[in-house]
Amino acid sequence: MTAPPSGPGAPSLPRKVHAGYALGSLATGAFGTVPGLLLLPYLTDTLGVAAGVAALLVLLPKAWDVLVNPVAGRISDRTRSRWGARRPYLLIGGLALAVLFGSIFAAPFGAGSAAGAYVAIAFLATATAFAFFQVPYVAMPAELTSDYAERTRMMTWRIAVLALAILVAGAVAPLVRDAAGGGVPGHRWMGVFVAALIAVGAVGAFLGTRSAPQQVVTESEPSLRAQLAVASRNRPFRALLLCFVVQSAGVATILAGVQYFADQILRDSKTGPTLLFACFVGPALVVMPLWSRVGARLGKLAALVIASLMLSIGGLALVAAPMLPAAVIYLLVALLGVGYAGQQVFALAMLPDCIAYDTARTGRRQAGVFTGVWTAGETFGLALGPGIYGLVLALTGYVSSTTGTAAAQSDTARLGVLLGFTVLPALLIALATLLLRPYDLTEARLVTLTPSAADHGVVVGTEAANQYEKGTTSP
């Protein structure tokens, strides 16, 4: 029985595996960004759905993933195939996600209540497909390597591609929509563009990880309830998850407000969203190596707190946007982007550590269970963001439209647009760091635990993995 290399002296994964795995972030980044950015304004300013109703239509389908994601994790844990436990879902789930995403913006019923109901149903189906792609995808790093530092390197690659995906999807999607004439036709073409991006990421991740070690679970809890109980007993995981869910809600609130902020505060509905996204995501492509060094020097937990506070400070400073020149606003958004890059990379690098800790503690490798719960929480947080922002718009009197452009708004509505984009998410992200106090995993602690997990029911499931792990056996 073979096992993955572990400990500080373990061989690094091939660079092509890092790059191949990271390509999956094209799919997760596109789906995580575009609905949060464009779906709420699509409902309010193109289909004429009231802001409060639109908030529910965006929230409820993704909240469904709270139930679906743990199920997807359990199913992938028990999957046996020549491609391993996770990779089949990268291909099948990813391609289904691409097709269904395009259907969200197909608008077969035009505008009105029927159109809103159709969007909700299509979004629900798309969120289900996303669960069966994302959960196995996020589970893979804990099974590809047992090395503490290697996980950070993997997440650095992944977040770099995620930043690129957010930049391309978030900045280019509005341009595609506008170039195609805006309104319903523009959104249809935008849906096709993003669907193609998702398909490229899914196929790329499937092919790029074909030579990676693939492990299968040989020992698992007998029921979903028992597996969820296992996740809840992992104190570091529980603390990290709660923090990340709240912070995801804060980040999603920012994303949901981009179009509104560009329309009502910047007064630039054409180039504003694209420039905001370029400033938010562009710095992440540059600072990722710097964040990796910060993590190596200070530790992942301290680096996560620093990045989160940076993200919050930038958000609070943006409340002065109505009095600031556009150039200063874009610089502050770039500060947000630097903080966001660190917040993502360290939270996602700490997740495999929590899974490794549980493997050592219980003797069972159940990455799918933990990532199912994790992605359910993350998806719920990302769904809460647009819901929160839509509620703020409804409370401050935002007026919907069926013309494809925003209607004239009152000063109170414009204040809601501003506070929902700045102060509210900044407070959510900063206060969430207090939830990390129970988190106590360090590299030294994980290294001392690793030997006890070496012979607990983990086998390598593919011939490629056996070749890669040749000569490495568990006691």
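L144 is found in helix α6, and in this predicted model L144 counts as buried, because its relative accessibility of 1% falls under the 20% cut-off. L144 and T209 are 65 residues apart in sequence, and their C-alpha atoms lie 9.7 Å apart in space. The points below take up another buried residue, one helix, the salt bridges, the aromatic pairs and the nonpolar core.

**A buried threonine in helix α2**

- T33 has its place in helix α2, which covers residues 24–45, and T33 is buried, with a relative accessible area of 3%.
- When neighbours within four places in sequence are left aside, T33 is in contact with I166, G170 and F277.

**Helix α5**

- Helix α5 runs over residues 87–104 and has 18 residues, and the distance from its first C-alpha to its last is 26 Å, close to the 26 Å expected at 1.5 Å a residue.
- The buried residues of α5 include R87, P88, Y89 and L90, and further along the list of buried residues of α5 come G93, G94, L97, A98, F101 and I104.
- In general, an α-helix has 3.6 residues a turn, so residues three or four places apart point the same way.
- R87, one of the buried residues of α5, lies over the face of F206, at 4.3 Å from the ring centre.

**Salt bridges**

- How many salt bridges does the model have? The count comes to three, and each of them is described in the points that follow.
- The side chains of R177 and D178 meet in a salt bridge, with 3.1 Å from N to O; R177 is buried, with a relative accessible area of 8%, whereas D178 counts as partly exposed, at 24% relative accessibility.
- R235 forms a salt bridge with D440, and the closest N and O atoms of this pair are 3.0 Å apart.
- This pair links distant parts of the chain, since R235 is in helix α10 (residues 235–264) and D440 is in the loop between α16 (423–432) and α17 (443–449), 205 residues apart.
- R235 is partly exposed, with a relative accessible area of 42%, and D440 is also partly exposed, with a relative accessible area of 31%.
- D353 forms a salt bridge with K300, with the closest N and O atoms 2.7 Å apart.
- D353 lies in helix α13 (residues 326–362) and K300 in helix α12 (residues 300–317), so this salt bridge ties together parts of the chain that are 53 residues apart in sequence.
- Are D353 and K300 buried or exposed? Both D353 and K300 are buried.

**Aromatic pairs**

- The count of aromatic pairs comes to 16, and one of them is formed by Y89 and F132, a tilted pair at 6.4 Å centre to centre with 35° between the planes.
- The pair of Y89 and F132 links distant parts of the chain, with Y89 in helix α5 and F132 in helix α6 (residues 113–144), 43 residues apart.
- Y89 counts as buried, at 15% relative accessibility, whereas F132 is partly exposed, with a relative accessible area of 23%.
- Y260 and Y398 form an aromatic pair that is edge-to-face, at 5.3 Å centre to centre and with 85° between the planes.
- The pair of Y260 and Y398 also links distant parts of the chain, with Y260 in helix α10 and Y398 in the loop between α14 (367–395) and α15 (411–421), 138 residues apart.
- Both Y260 and Y398 are buried.
- Ring pairs also link F31, Y42, F101, F105, F123 and F130 into a cluster, and F101 is among the buried residues of α5.

**The nonpolar core**

- In soluble globular proteins, nonpolar side chains tend to be buried together.
- The largest nonpolar core of this model has 126 residues, and those with the most contacts inside it are L39, L43, F237, F261 and W374.
- Which helix gives the most to this core? Helix α13 does, with 18 residues.
- W374 touches V138, F237, L240, L241, F244, A347, L348 and L351, when residues up to four places away in sequence are not counted.
- F237, which W374 touches, is itself one of the residues with the most contacts inside the core.

Technical notes. Residues numbered from 1 in each chain as written. Predicted model: local features only at pLDDT ≥ 70, side-chain atom pairs only at ≥ 80, totals over all residues. Heavy atoms only, no water. Helix = DSSP H or I, 4+ residues; strand = E, 2+ residues; numbered from the N terminus. Expected span 1.5 Å × (residues − 1). Buried < 20%, exposed > 50% of the residue type's maximum accessible area, 1.4 Å probe, protein only. Salt bridge = Lys/Arg side-chain N within 4 Å of Asp/Glu carboxyl O. Contact = heavy atoms within 4.5 Å. Phe/Tyr/Trp six-rings, centres within 6.5 Å; stacked < 30°, edge-to-face > 60°. Lys NZ or Arg CZ within 6 Å of the ring centre and 35° of its normal. Core = buried A, V, L, I, M, F, W, Y, C linked by side-chain atoms within 4.5 Å.
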